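I opened the model to look up one helix, one hairpin and one pocket, and I noted the cut-offs as I went.

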Amino acid sequence: MPPVESVAAIPNALIWRLSIEQYHAIIQAGILTDDDSVELLEGWLVFKIPKNPPHRATTRLVRTALENL
């Protein structure tokens, strides 16, 4: 069975698509920080799906281990 493609709903309100350069500029300007639960997906700034505590702890441990290499 072929995979089913889903299409995200686009809001009717005024929206703005971002380029990667614009997204990085927003981060460099301090508007977005590591504490903001958003990410850029195909030009859309979207909320990240919350992760459970074990996932966060594992991700943090792996990131720390990789940084120490």
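Before looking at the helix cap, I fixed the term: a polar contact is a pair of N or O atoms within 3.5 Å, where within protein one must be able to donate a hydrogen and the other to accept it, and residues adjacent in sequence count only if both atoms are side-chain atoms. The model is predicted, with local features needing pLDDT of at least 70 and side-chain atom pairs pLDDT 80 or more, while totals for chains, interfaces and linings use all residues. Residues are numbered from 1 along each chain, and side-chain values use heavy atoms, without hydrogens and water.

Helix. I took helices (H or I, at least four residues) and strands (E, at least two) as DSSP runs, numbered from the N terminus. Asn52 caps the N-terminal end of H2, with a side-chain oxygen 2.9 Å from the backbone nitrogen of His55. The end C-alpha atoms of H2 (residues 53-68) are 23 Å apart, which agrees with the 22 Å that its 16 residues should span at 1.5 Å a residue, the multiplier being one less than the number of residues.

Hairpin. I found E1 (residues 38-41) and E2 (residues 44-47) paired in the antiparallel sense over four bridges, where pairing requires at least two DSSP bridges. Leu41 stands opposite Trp44 in E2, and Glu42, in the hairpin with two residues between the strands, takes a positive phi near 50°.

Pocket lining. By class, I read six nonpolar, four polar and eight charged residues in the lining of the largest pocket, counting Asp, Glu, Lys and Arg as charged, Ala, Val, Leu, Ile, Met, Phe, Trp, Tyr, Cys and Pro as nonpolar, and the others, Gly among them, as polar. The pocket itself is an open set of points on a 1 Å grid over the protein atoms alone, where a 1.4 Å probe fits, with protein on both sides within 12 Å along at least five of seven lines, and lining residues have an atom within 4 Å of a point.
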